[in-house]
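Biologist: Please take a close look at one part for me, the salt bridges. Then follow their partners outward into whatever they touch.

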Amino acid sequence: MSRNPYLPYPARIEEAVVENESRDIKTFRLAFEDPGSAAEFRYLPGQFAELSLPGVGEAPFGIASSPTESDRLLFSVKRVGVFTAELHSLEPGAPIGVRGPLGRPFPWERMSGKNLLVIGGGFAFTTLRALIKQVLHPDQRAHFGSLLVIYGARTPGELMYGNELAEWQKRSDIEVHLTVDNAANGWSQHVGVVPAVLEELKPSPKNALAVVCGPPIMLKFTLLSLTKLGFPDDAVILSLEMRMKCGVGKCGRCNIGGKYVCKDGPVFTRQELASLPAEY
Ligand SMILES: Cc1cc2nc3c(=O)[nH]c(=O)nc-3n(C[C@H](O)[C@H](O)[C@H](O)COP(=O)(O)OP(=O)(O)OC[C@H]3O[C@@H](n4cnc5c(N)ncnc54)[C@H](O)[C@@H]3O)c2cc1C
Ligand code: FES
């Protein structure tokens, strides 16, 4: 019998790490109360889960860990309102519910054999981290071509996963370009918006797929740049963050035209989105 999709797995917070200088993004490492739940909770990069706190509510978050990191389940959460403020106030050991995994992941099969261009802006880099970790896993890396990452934030202190970014920059099987709007003393990498760096690097669209996550303004101009570079709409993959409630295609909170972002997405190709009303 399949599991009730409204039933969260009981879990607890194992660790909470501050990710940025403004201290409003934390990465939470969660552990299931029942170790058997970890085997049931099978996910792929690009999927999300509804996290719940007793007496507070529930909210959707992209899964920031990769299934190849079998010892951890990560969520990076920006403090913006009621739920996220409560979550940020919790200490390790606090109980939390995890409902999911939900939604359509990045198209893993389609990505196989392709050169991957991963483009992220701000704190929407969470599921892209999951994707990169999965591609870099020794069992997986040979299934993909080149891996080019462009990640931008307002300032160096707002880039998440600083240690991992530095490690990736030392490797020869991934090329990572970091850019900021406002450089600080000692910053020697790109300065400028993500689309400008993309156009400077000019990655070839040949046998390539671009995966893009970021704030709406970044998405808008990055998509224009990808068109300029010759990436067709079906080679551009995006992840949307509409408001959601049920997360399983029942309540109608997240629909765009005839599609439910929670169930048919949140991952869509640009071609799929072109046929929908521009509500995202
Ligand atoms: C599929 C999906 C994946 C997500 N992944 C992440 C993630 O990895 N990390 C993360 O920090 N957040 C993520 N979000 C956004 C997250 O769900 C919201 O920030 C959260 O629900 C806010 O709850 P709150 O009670 O703290 O804020 P509220 O008190 O409900 O709102 C506070 C402010 O945040 C705005 N807001 C609330 N929800 C959203 C939303 N979905 N999109 C834009 N603005 C919103 C409100 O308009 C308001 O201004 C994701 C959302 C979706 C749908
Ligand atoms: S959140 Fe209920 S239908 Fe998508």
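Modeller: A salt bridge here is a side-chain nitrogen of Lys or Arg within 4 Å of a carboxyl oxygen of Asp or Glu. This is a predicted model: local features need pLDDT of at least 70, side-chain atom pairs count only at pLDDT 80 or more, totals for chains, interfaces and linings use all residues, and side-chain values use heavy atoms, leaving out hydrogens and water. Residues are numbered from 1 along each chain as its sequence is written; chains are lettered from A and ligands numbered from 1 in the order written.

Confidence comes before geometry. Mean pLDDT (the predictor's confidence in each residue, 0 to 100) is 94 for the chain. A score of at least 70 is reached by 99% of the residues. The lowest confidence in the chain falls in strand 13, residues 255–256, where the mean is 88. The highest falls in strand 9, residues 175–180, at 98. Strands (E, at least two residues) and helices (H or I, at least four) are DSSP runs numbered from the N terminus.

Now the bridges. The whole structure holds 15 of them. Take Glu15 and Arg29, a bridge whose closest N and O atoms are 3.2 Å apart. Glu15 sits in strand 1 (residues 9–18) and Arg29 in strand 2 (residues 25–32), so this bridge ties together parts 14 residues apart in sequence. Glu15 is partly exposed, at 33% relative accessible area. For that scale, buried is under 20%, exposed is over 50%, and partly exposed is in between, with a 1.4 Å probe and protein chains only.

Next, Asp24 and Lys78. Their closest N and O atoms are also 3.2 Å apart, in a salt bridge. This pair links distant parts of the chain, 54 residues apart. Lys78 belongs to strand 5 (residues 73–78), while Asp24 is in the loop between strand 1 and strand 2. Lys78 is partly exposed at 25% relative accessibility. Asp24 is buried at 14%.

Then there is Asp233 with Arg270, a salt bridge of 3.6 Å from N to O. Asp233 is in the loop between helix 7 (216–228) and strand 12 (236–239), and Arg270 is in helix 8 (residues 270–274), so the bridge ties together parts 37 residues apart in sequence. The two partners differ in cover: Asp233 is partly exposed at 33% relative accessibility, whereas Arg270 is buried at 17%. Elsewhere, bridges that share partners build one network from Arg12, Glu14, Glu15, Arg29 and Glu33. The Glu15–Arg29 bridge above has both of its residues in that network.

Back to Asp24, which has a further partner. Its side chain meets that of Asn20 in a polar contact of 2.7 Å. Such a contact is a pair of N or O atoms within 3.5 Å; within protein one must be able to donate a hydrogen and the other to accept it, and sequence neighbours count only if both atoms are side-chain atoms. Asn20 also lies in the loop between strand 1 and strand 2. Asn20 is buried, at 6% relative accessibility.

Lys78 leads to the ligand. Around ligand 1 there are 19 residues (each with a heavy atom within 4 Å), and Lys78 is among the nearest, with Pro60, Phe83, Thr84 and Arg243. Backbone atoms come into play too. A ligand nitrogen is 2.9 Å from a polar backbone atom of Gly62. A ligand oxygen is 3.1 Å from a polar backbone atom of Gly81. For a polar backbone atom of Val82, the distance to a ligand oxygen is 3.1 Å. On its own, ligand 1 has 870 Å² of accessible area (Shrake-Rupley, 1.4 Å probe), and the protein covers 71% of it. Strand 4 (57–62), strand 5 and helix 2 (82–88) are the elements that give two or more residues to the shell. Strand 4 gives the most, with four residues.

Two further spots give context on cover and spacing. Ser52, in strand 3 (residues 48–53), is buried at 15% relative accessibility. Its C-alpha atom lies 9.9 Å from that of Ala11, 41 residues away along the chain. Helix 4 (residues 126–136) is mostly covered, with 10 of its 11 residues buried. Among these buried residues are the charged-type side chain Arg129 and also Leu128, Ala130, Leu131 and Ile132.
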